[in-house]
Amino acid sequence: MLYAVVLSAGESSRMGRPKALLPIDGQTFIEKIVSALRQTQAGKVIVVLGHNAEEMRARIAHLPAEILINPDYKLGQLSSLQAAVRRLQTDADCDGMLVHLVDHPYIEPALVGEMIRRFYESKKLIVVPRRGGRRGHPVIFSRVLFAELLAAPMDRGARAVVNAHRDDTLEIETNEEGIVVDIDTPELYRQHVKGA
């Protein structure tokens, strides 16, 4: 089983308000992302929270997702990824995790489904979408890499693990612009979201 992990622990300092709760298409970023992931073969969706965790937990309690709190979120994104890895290591049926970021709201279930299918077919350790020469999100990491992710240096993050496994990485070409749309400032929010 592949688990989906949504990283939503940061302070959203550049945005000035929680990115997870920003309105988009009649719902919030986090609602849109979780809804999309629930339409895929992912066995479970886990949302990692950090900043204002209890308030955020109350705001998203209605979502069909497990909530995981990262008390070390100030150490950066990798700390949230590592919190998820420690949680998933306890599940024997977990083959890996599909990692998505809360500031990438445009996620297509069909692409995620293809990524999961190709992950199992190819036996590659990492699966990543690519558009116009640029890699994007989500990214799949095999369980085989969990120990390396836990040992990765905080200053380099998961990129250190990705760079170490170029030959074990499958890139999937897509026309989905959403894989590279990262909305983390008010300007980008107005640019990419209708009616913002």
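Buried means under 20% relative accessible area, exposed means over 50%, and partly exposed lies in between. Keep these cut-offs at hand. The model is predicted.

**Exercise 1.** Classify Asp25 by its relative accessibility, then describe its place and its phi angle.

Solution.
Step 1. Asp25 has 52% relative accessibility, so it counts as exposed.
Step 2. Asp25 sits in the loop between strand E2 (23-24) and strand E3 (27-28).
Step 3. The phi of Asp25 is near 50°. That value is positive, in a residue other than glycine.

**Exercise 2.** Do the same for Asn52.

Solution.
Step 1. Asn52 has a relative accessible area of 43%, so it is partly exposed.
Step 2. The loop that holds Asn52 runs between strand E4 (44-49) and helix H2 (53-59).
Step 3. Phi of Asn52 is near 50°. Again, this is a positive value in a residue other than glycine.

**Exercise 3.** Decide whether Ser80 is buried or exposed, and list the residues that Ser80 touches, not counting those up to four places away in sequence.

Solution.
Step 1. Find Ser80 in helix H3, residues 77-88.
Step 2. Its relative accessible area is 4%, so Ser80 is buried.
Step 3. Leave out residues up to four places away in sequence; Ser80 then touches Leu7, Ala9, Val48 and Asn70.

**Exercise 4.** Which kind of peptide bond joins His137 and Pro138?

Solution.
Step 1. Locate Pro138 in the loop between strand E8 (134-135) and strand E9 (139-142).
Step 2. Read omega for the bond between His137 and Pro138: about 5°.
Step 3. Name the bond: a cis peptide bond.

Conventions:
Residues are numbered from 1 along each chain as its sequence is written. This is a predicted model: local features need pLDDT of at least 70, side-chain atom pairs count only at pLDDT 80 or more; totals for chains, interfaces and linings use all residues. Side-chain values use heavy atoms; hydrogens and water are left out. Helices (H or I, at least four residues) and strands (E, at least two) are DSSP runs, numbered from the N terminus. Buried means under 20% relative accessible area, exposed over 50%, partly exposed in between (1.4 Å probe, protein chains only). Contact means heavy atoms within 4.5 Å.
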